[in-house]
Amino acid sequence: MSTKKILVTPGDGIGPEVSAQAILVLKKIAPRFGLELELSEKPVGGAAYDLTGTPIPDETLEAAKNSDAVLLGAVGGPKWESLDFSVRPERGLLKLRSELELYANLRPAVIYGDLVNASTLKPEVVEGADLMVVRELTGGIYFGEPRGIEIRNGERVGFNTLVYSESEIRRIAKVGFEIAMKRGKKLTSVDKANVLESTELWREVVTEVGKDFPEVELSHMYADNAAMQIIRNPKQFDTMVTTNMFGDILSDAAAMMTGSLGMLPSASIGGNIGMYEPVHGSAPDISGQDKANPLAMILSVGMMLRYSFDLGEADEIIKQAVVETLDTYRTGDVMAEGKTLIGCIEMGEKVLEALEQI
Ligand code: IPM
Ligand code: MG
């Protein structure tokens, strides 16, 4: 048996609801792979702010650094939107990402089973699409200095800095190529090199790194075109590598080919400790009503088993259980004719039942 310390930070809104189901799935599958779990829970985001006055208490950060992996639900909500920027729930998440040095964020957008009909895109456009977005996560405009809002010439001015160093680009490019090698060996690097110097350098460095991966077919695309192409013909993509902000935007777009943001898991890696979270937010409109789709969070557990503990097989089993469950049962976000509508808790139970059969 190997013991793994997992920190769970359920966060805000639907975060706690989907986390609860994901933990049940983790507990169910762990013994099959000889994993003993040491689970602990700490607050993050608005929930942490309400308790301690900060969205990321030292205790949570320490616990994260002392764990083998972190599972995060979601952060944010209207309740905290008027707070000072420095203590907004989102700052908690960003601090976790940067303190753990999680510079690579993997967001796989795949169509699970017959969810093809849940997409707003035509079935023939999305059927078989399988795109991995590799998003830079600890740099770019999200973290660049200087930043702020100040008075200039008698009016308020808001400003941020989009900055990327060569080493930051090199390491995320390397992840992009390595992931592409394990997939379809096609990498699209997305930038705005026609306008932004920082991404002109991005393009140059990605091309240089590409020389070490001669088997991977590298192409470059501008971000605006990439947004259009994801909607027009997502099947042209295999692996995409891009900046923090473009990755944020394009992964939401890619999610819609899967029918719902509630289906997209993510893995944040690069440092010693991985963090796993659904791509969706805290969905305050449905929180506390047992309506949330826990599958993105459950699939994030799968990614944790694959990327932190090298248990790709466990990830495959979870994915299979999800596909089989969706055959019959759906939460509201992916509901379709002929399927049975259930809530978050029951969806968790159905996945557990499916796991027992695999
Ligand atoms: C995401 C989210 C976060 C981001 C927010 C909550 C800070 O949108 O993970 O995509 O912008 O990175
Ligand atoms: Mg986002």
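Colleague: Which helix gives the largest share of the shell around ligand 1?
Modeller: In this predicted model, three residues of that shell come from a single helix, spanning residues 89–99. The residues around ligand 1 include Glu90, Leu93 and Arg97. The largest share thus belongs to helix H4.

Colleague: From which domains does the shell around ligand 1 draw at least three residues each?
Modeller: Besides Glu90, Leu93 and Arg97, the surrounding residues are Arg107, Arg135, Tyr142 and Asp248. One contributing domain comprises 1–110 + 260–358, and the other covers 130–256. The two are domain 1 and domain 2.

Colleague: How many charged residues does the shell around ligand 1 have?
Modeller: Sorted by class, the shell has two nonpolar residues and no polar ones. The number of charged residues is five.

Colleague: What percentage of the area that ligand 1 exposes when taken alone does the protein bury?
Modeller: Polar side-chain atoms approach oxygen atoms of ligand 1: an N or O atom of Arg135 is at 2.8 Å, one of Tyr142 at 2.6 Å, and a polar atom of Asp248 at 2.8 Å. Taken alone, ligand 1 exposes 320 Å², of which the protein buries 79%.

Colleague: Which pocket corresponds to the space taken by ligand 1?
Modeller: The residues around ligand 1 include Arg107 and Tyr142. The space that ligand 1 takes is the largest pocket.

Colleague: Which residue is joined to Pro146 by a cis peptide bond?
Modeller: Most peptide bonds are trans. Pro146 is in the loop between strand S5 (130–136) and strand S6 (148–152). With omega about 0°, the cis bond joins Pro146 to Glu145.

Colleague: What is the phi of Lys185?
Modeller: Most residues other than glycine have a negative phi. Lys185 lies in the loop between helix H6 (166–182) and strand S8 (186–191). Although Lys185 is not a glycine, its phi is positive, at about 60°.

Methods. Residues are numbered from 1 along each chain as its sequence is written. Chains are lettered from A and ligands numbered from 1 in the order in which they are written. This is a predicted model: local features need pLDDT of at least 70, side-chain atom pairs count only at pLDDT 80 or more; totals for chains, interfaces and linings use all residues. Side-chain values use heavy atoms; hydrogens and water are left out. A residue is near a molecule or strand if one of its heavy atoms lies within 4 Å of it. A polar contact is a pair of N or O atoms within 3.5 Å; within protein, one must be able to donate a hydrogen and the other to accept it, and residues adjacent in sequence count only if both atoms are side-chain atoms. Accessible areas come from the Shrake-Rupley method with a 1.4 Å probe; for residues, only the protein chains shown count as cover. On a 1 Å grid over the protein atoms alone, a cavity is a set of points where a 1.4 Å probe fits but cannot get out, and a pocket is an open set with protein on both sides within 12 Å along at least five of seven lines; lining residues have an atom within 4 Å of a point. A molecule sits in a cavity or pocket if more than half of its atoms lie within 2 Å of its grid points. Helices (H or I, at least four residues) and strands (E, at least two) are DSSP runs, numbered from the N terminus. Ala, Val, Leu, Ile, Met, Phe, Trp, Tyr, Cys and Pro count as nonpolar, Asp, Glu, Lys and Arg as charged, and the others, Gly among them, as polar. Domain bounds come from an automatic or database domain assignment.
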